[in-house]
Amino acid sequence: MSTDARTGPAPNPTGPLSTIDYDERIPNNVDLAGDRRLQRALEGWQPKFLDWWRQLGPALPTKDVYLRTAIAVGRDGWAHFAHVPMEEYRWGIFLAERDPERTVAFGKHKGEPAWQEVPGEHRADLMRLIVVQGDTEPASVEQQRILGDTAPSIYDLRNLFQVNVEEGRHLWAMVYLLHAYFGREGREEAEQLLRRNSGDLDSPRILGAFNEATTDWLQFFMFTYFTDRDGKYQLGTLKESAFDPLARTCEFMLKEEAHHMFVGTTGVQRTVERTAAVMREHGTADTLPHGAIPLAVIQRYLNFQFSVSMDLFGSEQSTNAGNYFTSGLKGRWMERRRKDDHVLLEETREMRYVEDGEIRTRTVPMLSALNLDLRDEYVADCANGVKRWNQALEDAGLEERLVLPHEGFNRKVGVYAGHHVSPTGEVLDEETWAARVDEWLPGAEDRAAVAALMVPEYEYGKFASWIAPPKTGINDQPVEFDYVHLAEEGLA
Ligand SMILES: [Fe+2]
Ligand SMILES: [Fe+2]
């Protein structure tokens with residue numbers, strides 16, 4: 001597979017244009033009005049969602065925000081931009097257009113028509129996959145709840161809120177599937193998606209990275225770069241699912257996700273640009289006194305977010321992942337472009353693991369290593385952003401570079417769990433690790449230093465000291481556009 005195919009943007013939804021009816025209480029393109037029972041059930045869930053949004057959504061009070069709203073699911077002209085009060089955002093249910101000819105592309109059902117209903121034997125597994133995906137969406141909104149208080153600009157504030165409302169919509173996307181296809185159990189799971197909360201000791205979110213607090217904007221940018229990108233790859237596998245409504249749901253979600261990763265890529269880039277400019281101007285790596293985040297701190301934030309995001313792919317070897325593939329529930333990234341038999345019974349691959357204090361390689365059945373296959377695609381994609389950020393350093397005439405740490409660094413899941421691996425891939429003993437970990441992961445001091453720079457800048461067109469302005473605004477608007485109207489008098 002060419003690098004292009006592997007690391008390109010999120011795949012575009014295909015198919016004809018289908019307009020979404022905004023006169024409905026729940027905007028949708030799934031003919032909700034034609035299924036009164038389902039409509040009533042979702043209308044019963046809607047006020048609970050809105051309660052959750054008010055309690056755990058963005059904390060900064062605003063009058064309105066310049067947001068995009070999906071208006072169609074086709075290739076072009078799918079979104080509309082306008083100033084809207086956030087709690088009046090039209091969260092809805094949008095699936096990519098159905099292809100009546102679609103067949104299953106892989107596994108033992110390869111070539112059979114895609115499923116329009118959930119087969120009884122896969123009901124539990126499919127519901128679990130949907131719940132785990134659905135759980136991450138509101139979790140990230142909760143994690144980012146207080147970031148508005150320290151936004152480096154109105155432009156960035158708007159991007160944060162755009163990401164938040166769309167993660168809210170992705171929750172809707174998963175809740176629709178639970179309500180429409182999984183009966184009473186599905187409705188109960190939909191309730192639980194609002195009851196679990198990020199970082200809650202009694203009922204935390206399902207996956208570890210979604211219980212870490214997003215403490216500041218550098219972490220937010222790293223999160224949207226590394227963790228939303230994990231989301232992109234997970235959605236990419238579900239987009240291949242034999243269960244057609246899930247595939248079509250994820251296809252459309254991917255379209256929205258592209259912007260989230262844009263926020264991450266450009267956010268880190270602008271941070272690096274600012275740091276590079278200060279380093280050059282003052283001839284020092286200690287940029288803090290000049291209001292910029294030191295490159296070493298940026299590297300430590302990168303190390304942290306990359307390693308916790310790598311854990312989201314699960315164990316390298318997984319019987320579940322193989323079974324999901326064989327039974328058609330989850331495909332590989334870009335399944336249809338892979339040049340093999342799409343069944344994989346005979347295939348093998350190499351896998352690294354730790355033994356006797358060193359990293360070794362062994363050959364394993366491909367079907368057992370599909371989490372690793374997906375993670376490799378992800379890592380290749382992650383490397384692209386790092387290249388872009390390094391270009392900013394090079395353009396500033398600096399020698400320093402950012403790097404992705406070794407895949408085994410700081411891992412809690414899979415073959416590296418329980419071992420200590422340095423960012424350059426040496427297996428270390430406990431003592432050496434403990435002595436050096438502060439060089440590699442952000443400590444309290446780093447977080448405090450970054451937090452001290454996180455002063456809000458709410459004047460249109462102005463930016464906090466630690467970040468460069470973007471080259472262009474959103475939807476062809478100028479950078480100094482009034483993207484957000486804050487609620488408080490006297491403020492923008
Ligand atoms: Fe999402
Ligand atoms: Fe996202």
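**Two iron ions and a loop residue**

In this predicted model, the iron ion (ligand 2) and the iron ion (ligand 1) are 3.5 Å apart, with Glu167 coordinating both.

User: What makes Glu167, Asp228, Glu257 and His260 donors of the iron ion (ligand 2)?

Analyst: Their donor atoms lie 1.9 to 2.5 Å from the iron ion (ligand 2). The cut-off is 2.8 Å, so these atoms count as donors. Glu257 is listed with OE twice, and His260 binds through ND1. Along the sequence the donor residues follow the spacing E-x60-D-x28-E-x2-H.

User: Which helix holds Glu257 and His260?

Analyst: Both lie in helix H7 (residues 244-282). They are 3 residues apart, about one turn of the helix.

User: Why is Glu257 called buried or exposed?

Analyst: Glu257 has 2% relative accessibility. Buried means under 20%, so Glu257 is buried. His260, with a relative accessible area of 0%, is buried by the same cut-off.

User: Where does Asn410 lie, and why is this residue called buried or exposed?

Analyst: Asn410 is in the loop between helix H10 (370-395) and strand E5 (420-421). Its relative accessibility is 10%; the limit for buried is under 20%, and therefore Asn410 counts as buried.

User: How do you know that the side chains of Asn410 and Ser307 make a polar contact?

Analyst: The distance is 3.0 Å, and a polar contact requires N or O atoms within 3.5 Å, one able to donate a hydrogen and the other to accept it. The side chain of Asn410 also makes a polar contact with that of Lys412, at 3.1 Å.

User: Which residues is Asn410 in contact with, leaving aside neighbours within four places in sequence?

Analyst: They are Phe304, Ser307, Asp311, Val421, Trp433 and Leu441.

Note on methods: Residues numbered from 1 in each chain as written. Chains lettered and ligands numbered in written order. Predicted model: local features only at pLDDT ≥ 70, side-chain atom pairs only at ≥ 80, totals over all residues. Heavy atoms only, no water. Donors = N, O, S within 2.8 Å, 3.2 Å for Na, K, Ca; no water. Helix = DSSP H or I, 4+ residues; strand = E, 2+ residues; numbered from the N terminus. Buried < 20%, exposed > 50% of the residue type's maximum accessible area, 1.4 Å probe, protein only. Contact = heavy atoms within 4.5 Å.
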